[in-house]
Amino acid sequence: MRQRLCAYFVSDLHLGSVQEPNYQLFLKFLNQLKTDPPSHLFLVGDVFDIWVSDYAYFKDEHRQLITALQELQQNQVEIHYFEGNHDLYLRQFWHNQLGFKIHEGPAFFNIGEMRLRVEHGDQVDREDRGYLFLRWFLRTSVMKWMARNLPEKLVVKIGQGASAKSRQYTSTIKTISGEESIRKLHEHALREWRKQAFDFLISGHIHVRDDYVFEVDGKSVRSVNLGTWLVQPCAFVLDEKGGRFVEIT
């Protein structure tokens, strides 16, 4: 059967326990994709409320979801997973063991005739120097080594505390002015387009859904921010009909 050229994008699900309604909804969504597999699935960061490296705790806690993603992969779905600020050091397990494509920063793709820039979105606000420093620090070789070698219980405890603070920051402080966040996102899209052209910029992190088209040098360029499942579960779909949000129910 010829696989359809179609890409799904989801971000900021912040999944914790498998008993959560959104967790079950995402499992249902992945199983539905198996009936008519897309060509691509992009997990654009913060899929989990906390995931660090390849500790058994996380693999055991999320076994059902891992299995559902593996089944899509076996159906020739190309899966890309972007590190967010809640899911870190993914390469050891998600790439080396499962074979998924892992991205620590922005990446470019061609979907049919469309050129895409995809990123988690946590580098959009260039004025948030405190977070940008923290992001850099967490990706130093020393921190990566510590994340792989500290006792599992300690990593889980630290991760859960940091995750709660990070989610509160993103959901409250960063969205006090939703218009300001979106303005910075649009400026970021234009700035990055001038460095390297694309048709779509697709991002997450900012917990506000946005779909914006701007004209530059006679071309229409689209900036899409995926929002968060904490507000409304959704995915962005890109196929031969164009791009659109779909609600996940």
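Helix axes are taken here as lines fitted to C-alpha atoms over the stretch in contact, with angles running from 0 to 180 degrees between N-to-C directions. With that in hand, the predicted model can be walked through from the overall fold down to single residues.

The chain folds into 8 helices and 13 strands. Of its 249 residues, 52% count as buried. Sequence-distant pairings are well represented: among contacts between residues at least 6 apart in sequence, 68% join residues at least 24 apart.

One helix pair is worth a look. Two packed helices are described by the angle between their axes and the distance between the axes. For helix H1 (residues 21–33) and helix H3 (residues 63–74), the axes come within 9 Å and cross at roughly 15°. Angles under 35 degrees count as roughly parallel, so H1 runs roughly parallel to H3. The crossing of H1 and H3 is left-handed. On the H1 side, the contact is made by Tyr23, Phe26, Leu27, Leu30, Asn31 and Leu33, while H3 brings in Gln64, Leu65, Ala68, Leu69, Glu71 and Leu72. Sorted by class, this contact of H1 with H3 has 9 nonpolar, 2 polar and 1 charged residues.

Just ahead of H3 sits His62, in the loop between helix H2 (56–61) and H3. His62 has a relative accessible area of 3%, and it is therefore buried, the cut-off being under 20%. Setting aside residues up to four places away in sequence, His62 touches Leu15, Gly16, Tyr23, Phe48, Ile50 and Trp51. One of these, Tyr23, also belongs to the H1 side of the contact with H3.

Two loop residues stand out for their backbone angles. His14 has a phi near 55°, a positive value in a residue other than glycine. His14 is placed in the loop between strand S1 (6–10) and H1, and its relative accessible area of 5% makes it buried. Ser53 is the other case: not a glycine, yet with a positive phi of about 55°. Ser53 is found in the loop between strand S3 (51–52) and H2. With a relative accessible area of 1%, Ser53 is buried too.

What about Phe108, which lies in strand S7 (residues 107–111)? At 24% relative accessibility, Phe108 counts as partly exposed, because the value is not under 20% and not over 50%. Leaving aside neighbours within four places in sequence, Phe108 is in contact with Arg115, Leu116, Arg117, Gln196, Ala197 and Phe198. Phe108 and Val118 are 10 residues apart in sequence, and their C-alpha atoms are 6.3 Å apart in space.

Finally, the cysteines. Cys6 is buried, its relative accessible area being 1%. Cys234 also counts as buried, at 2% relative accessibility. How many disulfides does the model have? A disulfide is a covalent bond between the sulfur atoms of two cysteines. Taking a pair of cysteine sulfur atoms within 2.5 Å as the criterion, the count comes to 0 disulfides.

Conventions: Residues are numbered from 1 along each chain as its sequence is written. This is a predicted model: local features need pLDDT of at least 70, side-chain atom pairs count only at pLDDT 80 or more; totals for chains, interfaces and linings use all residues. Side-chain values use heavy atoms; hydrogens and water are left out. Helices (H or I, at least four residues) and strands (E, at least two) are DSSP runs, numbered from the N terminus. Angles under 35 degrees count as roughly parallel, over 145 as roughly antiparallel, 65 to 115 as roughly perpendicular and the rest as oblique. A crossing is left-handed if the near helix is turned anticlockwise from the far one by less than a right angle, and right-handed if clockwise. Contact means heavy atoms within 4.5 Å. Ala, Val, Leu, Ile, Met, Phe, Trp, Tyr, Cys and Pro count as nonpolar, Asp, Glu, Lys and Arg as charged, and the others, Gly among them, as polar. Buried means under 20% relative accessible area, exposed over 50%, partly exposed in between (1.4 Å probe, protein chains only).
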